[in-house]
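User: I am new to this structure and would like to learn how to read its features one by one. Please take me through it.

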Amino acid sequence: MTVLDILTLGDPALRQVATPLRPDELARPRWQEFCRDLVQTMRHANGAGLAAVQVGVHRRIAALEVKDNPRYPYKPNIPLTIAVNPVLTPLSDETFENYEGCLSVPGLRGVVRRFRYLHVRYLDPDGAEHEQEVSGLTAGTWQHECDHLDGLLFVDRLVDSTTLTTWENFERFHKAAFVKRVKAMDPPR
Ligand code: NI
């Protein structure tokens with residue numbers, strides 16, 4: 001397995017839209033190995049998620065995993081998920097304001113409005129179809145990763161550029177109120 005290089009803001013490759021994989025392509029060793037490398041790279045960088053586009057591969061694959069993440073200690077855990085050709089469908093118009101960061105935007109965080117309840121459909125690396133409903137911060141993570149597959153970064157969706165903050169100043173000025181607010185959100189329906 002290989003730890004891949006993560007592209008950063010300003011690299012034009014982050015702005016390209018990724019294409020779906022056919023199941024017969026997905027079964028090939030090249031893509032099986034890529035899925036493993038994507039997970040290893042995400043874990044190496046302590047990411048909550050990592051999209052193929054972020055390592056310069058323009059296919060619709062994203063990895064997600066939150067396990068007591070040091071970058072996001074308040075995030076609910078997400079079991080390791082490798083989502084191929086993910087499709088997100090909001091379950092209502094309801095949104096919330098999420099503080100996001102990104103391995104491709106080092107050092108910065110900012111507030112993005114996200115759907116609160118989502119239906120998620122994707123293939124796993126074995127080609128099996130999965131469906132689930134997610135909410136809150138986990139729904140935010142899914143939307144963030146799927147945005148990467150469309151060449152979008154959280155900075156494109158800021159509710160207001162004045163919400164941009166360094167990680168240090170997030171901790172100092174914004175974290176307490178944010179964590180209180182997201183913990184007060186209702187449990188999922
Ligand atoms: Ni990101």
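Analyst: Happy to! Let us begin with the naming: helices are DSSP runs of H or I with at least four residues, strands are runs of E with at least two, and both are numbered from the N terminus. Keep in mind that this is a predicted model. As a starting case, helix α2 is followed by Asn46, which has a positive phi near 55°.

User: How many residues does α2 have, and what is its reach from first C-alpha to last?

Analyst: α2 covers residues 29-44, which makes 16 residues. Its span is 22 Å, close to the 22 Å expected at 1.5 Å a residue.

User: Which residues of α2 are buried, and what covers them?

Analyst: Buried here stands for under 20% relative accessible area. In α2 that applies to Trp31, Gln32, Phe34, Cys35, Asp37, Leu38, Val39, Thr41 and Met42. Their cover includes α1 (23-26), β1 (49-51), β2 (61-66) and β3 (78-90).

User: Now the metal. Which atoms coordinate the nickel ion?

Analyst: Look for SG of Cys102 and NE2 of both His144 and His148, at 2.1 to 2.3 Å. Along the chain these donors follow the spacing C-x41-H-x3-H. The two histidines belong to helix α3 (residues 136-149) and are four residues apart, about one turn of the helix.

User: Are those histidines buried or exposed?

Analyst: His144 has a relative accessible area of 7%, so it is buried. His148 is buried as well, at 1%.

User: How do I read a sheet?

Analyst: The general idea is that strands of a sheet pair through backbone hydrogen bonds, either parallel or antiparallel. In this model, one open sheet has three strands in the order β4-β5-β8, with antiparallel pairing. β4 and β8 (165-166) each have a single partner strand, so they stand at the edges with one side lacking a neighbour in the sheet. Eight bridges link β4 with β5 (residues 105-115), and Gly101 stands opposite Arg109 in β5. Helix α3 packs on this sheet by touching β4 and β5, its direction making about 60° with that of β4.

User: Why is β6 described as largely enclosed?

Analyst: Because five of its seven residues are buried, β6 is largely enclosed by the rest of the structure. It pairs with β3 in the antiparallel sense over five bridges, where Pro90 stands opposite Leu118. β6 is also antiparallel to β7 (residues 129-135), over seven bridges, with Val120 opposite Gln132. β6 and β7 form a hairpin with five residues between them, and Gly127 in that turn has a positive phi of about 90°.

User: Which residues touch the most other members of the largest nonpolar core?

Analyst: This core has 23 residues, and those touching the most other members are Tyr74, Leu118, Val120, Val134, Leu137, Trp142 and Phe178. At least two residues each come from β2, β3, β4 (95-102), β6 (117-123), α3 and α4 (167-183). Helix α4 gives the largest share, five residues.

User: What does Tyr74 contact beyond its neighbours within four places in sequence?

Analyst: Its contacts there are Tyr99, Arg109, Leu137, Phe170, Lys175, Phe178 and Val179. Finally, there is a second, separate core of 18 residues, among them Met42, Val55, Val57 and Leu103.

Note on methods. Residues are numbered from 1 along each chain as its sequence is written. This is a predicted model: local features need pLDDT of at least 70, side-chain atom pairs count only at pLDDT 80 or more; totals for chains, interfaces and linings use all residues. Side-chain values use heavy atoms; hydrogens and water are left out. The expected span of a helix is 1.5 Å times one less than its number of residues. Buried means under 20% relative accessible area, exposed over 50%, partly exposed in between (1.4 Å probe, protein chains only). Contact means heavy atoms within 4.5 Å. Donors are N, O and S atoms within 2.8 Å of the metal (3.2 Å for Na, K and Ca); water is not among the atoms, so sites may look incomplete. A nonpolar core is a set of buried Ala, Val, Leu, Ile, Met, Phe, Trp, Tyr and Cys residues joined through side-chain atoms within 4.5 Å. Two strands pair if DSSP finds at least two bridges between them. Axes are lines fitted to C-alpha atoms, for helices over the stretch in contact, and angles run from 0 to 180 degrees between N-to-C directions.
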